[in-house]
Amino acid sequence: MNLEEFDYYLPQELIAKYPAIPRHSARLMVLNREDRSIRHDIFWNLPDYLEKGDLLVFNNSKVLPARLYGKKPTGGKVEILLTDYIDKHVWYALVGGKNIKKGLKVFIGEDLQVEIIEHIEGGKFKVYLHSQDPIKALDRWGKIPIPPYLEREEQELDRVYYQTVFAKEEGSVAAPTASLHFSEELLKKLESKGINTAFITLHVSYGTFKPVKTQRIEEHRVDPEYVKVPRETVELIRKTKERGNKVVAVGTTVVRALETKPFEPYEGWTELYIYPGYEFKVVDALITNFHLPKSSLLFLVCAFGGKDFIMEAYQIAVRERYRFYSYGDGMLIL
């Protein structure tokens with residue numbers, strides 16, 4: 001398949017620069033694959049499209065303030081963007097500054113220094129965070145790495161809204177955005193209808209913004225990301241399937257986590273790349289945001305919903321003035 005088949009026209013003013021408040025007031029496009037119908041609603045009414053016994057699976061990864069500004073011993077300024085979680089001390093990072101070499105220690109704050117361990121390629125390095133508690137130090141000195149297409153600096157509200165209400169496991173540098181629409185009130189509403197919830201962890205890397213540079217989409221590769229699918233989540237999925245209910249993945253990260261080792265608990269790394277032609281084994285329905293043209297996330301959604309149907313839905317979303325990308329509206333594909 002050709003990359004151009006996944007392009008669409010998006011007016012710049014439809015890129016959401018700020019979140020919907022309250023979270024559940026974001027718009028929801030409901031797509032039915034069987035009859036190719038499309039309905040327009042809001043997230044607050046999501047329970048109307050699900051049944052008692054259905055299972056929503058969320059990504060509980062927490063976005064870290066991964067953008068750091070520091071100084072070399074000589075006083076030169078250095079900007080560091082942590083891009084890929086390895087463990088709490090060791091990361092891959094994009095490092096901007098002059099004469100960045102192995103062994104350099106960049107002073108960020110009194111309880112945090114970043115040491116360059118290894119040059120990977122271009123401006124990418126393996127780094128070590130020198131701190132007794134690197135997560136606490138990042139919270140103190142770092143900035144939330146909001147997506148580049150927002151074209152603004154981090155603001156106080158991003159600390160709240162570029163984070164899910166159930167974020168727990170620190171390690172992401174980008175939010176699992178489909179989950180941003182779920183408020184505490186909406187979760188209670190879903191629970192009262194008998195809709196179940198489960199969690200996986202997938203630490204979203206900066207590779208989620210990596211442009212596809214191959215003309216044939218089959219030749220693209222996604223960056224590896226850390227994933228954990230707990231045994232209790234697998235058990236809930238099995239029971240849901242046995243009852244004949246739906247497993248609903250909230251976001252593309254959840255899809256990749258569940259489909260990496262179908263019906264098995266798993267902790268490790270995933271490089272699963274899903275594009276049209278992929279046969280889904282676990283996921284029955286998908287909640288997702290509107291993604292960038294010609295992106296691997298759009299390929300995954302097209303694989304799930306059918307390329308022609310999804311690309312038609314995107315044209316309708318533009319016409320109906322839906323809000324796009326991380327802080328934008330979403331869709332439920334049944």
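**View 1. Closed-off spaces inside the predicted model.** Two cavities of 30 Å³ or more turn up here. A cavity is a set of points, on a 1 Å grid over the protein atoms alone, where a 1.4 Å probe fits but cannot get out. Grid points are joined across faces, edges and corners, and a volume is the space filled by probe spheres set on the points. This is a predicted model, in which local features need pLDDT of at least 70 and side-chain atom pairs count only at pLDDT 80 or more, while totals for chains, interfaces and linings use all residues. Residues are numbered from 1 along each chain as its sequence is written, and side-chain values use heavy atoms, with hydrogens and water left out.

**View 2. The largest cavity.** Its volume is about 80 Å³. Lining residues are those with an atom within 4 Å of a point, and here they include Pro19, Ala20, Arg23, Tyr161, His181 and Tyr327. Sorted by class, that lining has six nonpolar, three polar and one charged residues. For the sorting, Ala, Val, Leu, Ile, Met, Phe, Trp, Tyr, Cys and Pro count as nonpolar, Asp, Glu, Lys and Arg as charged, and the others, Gly among them, as polar.

**View 3. The second largest cavity.** This one holds about 50 Å³ of space. Helix H4 (231–243) and helix H5 (252–260) each put at least two residues into the lining; helices here are DSSP runs of H or I with at least four residues, strands are runs of E with at least two, and both are numbered from the N terminus. Among the lining residues are Val234, Ile237, Ala257, Leu258, Lys261 and Glu264. The class count is seven nonpolar, no polar and two charged residues.

**View 4. Helix H6 and its surroundings.** Nine of the ten residues of H6 (residues 296–305) are buried, so the helix is largely enclosed by the rest of the structure. Buried means under 20% relative accessible area, with a 1.4 Å probe and protein chains only. Phe299, Val301, Cys302 and Phe304 are among those buried residues. Their cover includes H5, strand S16 (285–289), helix H7 (307–319) and strand S17 (330–333). Right after H6 comes Gly306, with a positive phi near 95 degrees.

**View 5. The largest pocket.** Look for about 620 Å³ of space. A pocket is an open set of points with protein on both sides within 12 Å along at least five of seven lines. Of the 43 lining residues, Thr208, Phe209, His291, Ser296 and Leu297 lie nearest the centre. H5, S16 and H6 each supply at least two residues of this lining. By class it has 22 nonpolar, 15 polar and six charged residues.

**View 6. The second largest pocket.** About 380 Å³ of space lies here. It has 17 lining residues, and Thr83, Asp84, Lys124, Gly207 and Asp223 are the closest to its centre. Strands S6 (77–85), S7 (90–96) and S9 (112–121) each chip in at least two residues, with the largest share, three residues, coming from S6. The lining has ten nonpolar, two polar and five charged residues.

**View 7. Thr201 in strand S12.** Thr201 sits in S12 (residues 196–202) and counts as buried at 6% relative accessibility. The side chains of Thr201 and Asn60 share a polar contact of 2.6 Å. That term covers a pair of N or O atoms within 3.5 Å; within protein, one must be able to donate a hydrogen and the other to accept it, and residues adjacent in sequence count only if both atoms are side-chain atoms. Leaving aside residues up to four places away in sequence, Thr201 also touches others, including Asn59, Glu169 and Tyr226, where contact means heavy atoms within 4.5 Å.

Note on methods. Buried < 20%, exposed > 50% of the residue type's maximum accessible area, 1.4 Å probe, protein only.
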